[in-house]
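Hi,

Here is the structure I promised to pass on. Have a look at it first, and my notes on what turned up follow straight after.

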Amino acid sequence: MKRTVVASGLRLEYTLIQSSRRDVLLQALPEAGIRVYAPKYMRLRDVDAVVREKAGELTRMQRDVEARLAENRRAHPVVDGSPILIEGRRCALRLHEGPRRTGRLVGDEYHLTLPEPDDDAAVRAAIKSTLSVMALKRIRERLDFYIPRIGRAPGRVAIRDQKSRWGSCSAKGNVNFNWKLIMAPPPALDYVVIHELCHLYEFNHSPRFWALVERQQPDYEAWKKWLKTHTEDLYL
Ligand SMILES: [Zn+2]
């Protein structure tokens with residue numbers, strides 16, 4: 001859940017993750033922003049108070065991770081031959097100059113065409129836009145596969161450049177998916193598709209919800225864990 005606090009005139013947005021832990025854990029992640037893990041029973045205003053108290057430190061942590069990410073990008077520009085993860089496979093990026101941004105996976109090579117193949121930021125943007133198209137296609141296929149099995153269909157389906165979430169389901173039954181799921185192994189993508197479809201029955205993370213997920217994917221916990229531990233590999 002997204003929350004905002006104001007501390008000494010600064011607006012600080014954070015993602016709250018209520019968990020079974022007994023203390024509060026604060027994290028600053030590149031692209032994903034500030035994450036706060038707090039015990040389920042803790043009142044929201046008490047969590048806000050902790051965040052407000054640590055606002056200065058969190059802002060500094062955030063600035064440091066963003067600087068590290070920028071530095072990393074400078075040190076490792078995306079060039080012809082760079083590795084790129086697609087559907088869990090390590091592929092090689094092949095850059096071509098052309099008037100339109102297009103991407104095509106041929107064996108273990110991802111052929112990317114764009115007007116500015118020498119511009120690192122343009123290459124990253126083209127990877128994102130072309131892989132988003134591939135992600136939407138694959139997610140629609142997997143939705144078509146799981147909808148009859150789960151028995152409910154979502155409303156609108158969209159791909160988002162979500163920084164800290166793999167997918168989400170609104171109260172109206174619209175679902176969003178992170179484009180980076182196309183980089184993950186197919187069962188990890190399936191896990192997120194199943195997860196969001198199961199929210200159409202159970203709009204929570206209760207044991208009943210997890211039982212529905214497990215019925216579709218008995219080893220879902222392994223893929224859930226994969227997504228949690230490989231977030232950093234999927235930064236672009
Ligand atoms: Zn969920």
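With 236 residues, a compact globule would have a radius of gyration near 18 Å, and the protein chain comes out at 19 Å, which agrees. (That radius is taken over C-alpha atoms, and the globule rule is 2.2 Å times the number of residues to the power 0.38.) Along the principal axes, the C-alpha atoms fill a box of roughly 55 × 45 × 30 Å.

Before you read on: this is a predicted model, so local features need pLDDT of at least 70 and side-chain atom pairs count only at pLDDT 80 or more, while totals for chains, interfaces and linings use all residues. Residues are numbered from 1 along each chain as its sequence is written.

The chain has 6 helices and 11 strands. These are DSSP runs numbered from the N terminus, with helices being H or I of at least four residues and strands E of at least two. Buried residues make up 20% of the 236; buried means that 20 or more other C-beta atoms lie within 10 Å of the residue's own, exposed means 12 or fewer, partly exposed is in between, and the C-beta atoms are placed from the backbone. Of the contacts with a separation of 6 or more, 47% are between residues 24 or more positions apart. A contact here is two C-beta atoms, placed from the backbone, within 7 Å.

The core

The largest nonpolar core has 31 residues, and those with the most contacts inside it are A135, F177, L181, V192, V193 and I194. By nonpolar core I mean a set of buried Ala, Val, Leu, Ile, Met, Phe, Trp, Tyr and Cys residues joined through C-beta atoms within 7 Å. At least two residues of the largest core come from each of β8 (109-114), α3, β11, α4 and α6. Which of them gives the most? That is α4, with 8 residues. There is also a second, separate core of 8 residues, with V36, A38, V47 and L58 among them.

F177 is worth clicking on: leaving aside neighbours within four places in sequence, F177 is in contact with A135, I139, I159, G167 and V192.

Helix α4

This helix covers residues 186-198, and its end C-alpha atoms are 18 Å apart, in agreement with the 18 Å that its 13 residues should span at 1.5 Å a residue. (The expected span is 1.5 Å times one less than the number of residues.) Is α4 mostly covered or mostly open? Mostly covered: 11 of its 13 residues are buried. The buried stretch includes A188, D190, H195 and E196, as well as V192 and V193. The cover over these buried residues includes α3 (120-150), β10 (167-169), β11 (175-178), α5 (207-216) and α6 (220-229).

Strands around β11

β11 has two partners to look at, where pairing needs at least two bridges found by DSSP between the strands. β9 (residues 157-160) runs parallel to β11, joined by 4 bridges, and V157 stands opposite V175 there. β10 pairs with β11 in the antiparallel sense over 3 bridges, with S168 and N176 as bridge partners. The β10-β11 hairpin has 5 residues between its strands, and G173 in that hairpin takes a positive phi near 90°.

Two odd backbone angles

S8 is not a glycine, yet has a positive phi of about 40°. S8 lies in the loop between β1 (2-7) and β2 (10-19) and is exposed, with 7 other C-beta atoms within 10 Å. E87 also is not a glycine and has a positive phi of about 50°. Its place is the loop between β5 (83-86) and β6 (89-97), where E87 is partly exposed, with 16 other C-beta atoms within 10 Å.

Two helix residues

R52 sits in helix α1 (residues 44-53) and counts as partly exposed because it has 16 C-beta neighbours inside 10 Å. Not counting residues up to four places away in sequence, R52 touches V5 and A7. The C-alpha atoms of R52 and L10 are 9.7 Å apart, with these positions 42 residues apart along the chain. A67, in helix α2 (residues 55-75), counts as exposed because it has 11 C-beta neighbours inside 10 Å. The C-alpha atoms of A67 and A158, 91 residues apart along the chain, are separated by 30 Å.

Cheers

Definitions and conventions:
The expected span of a helix is 1.5 Å times one less than its number of residues.
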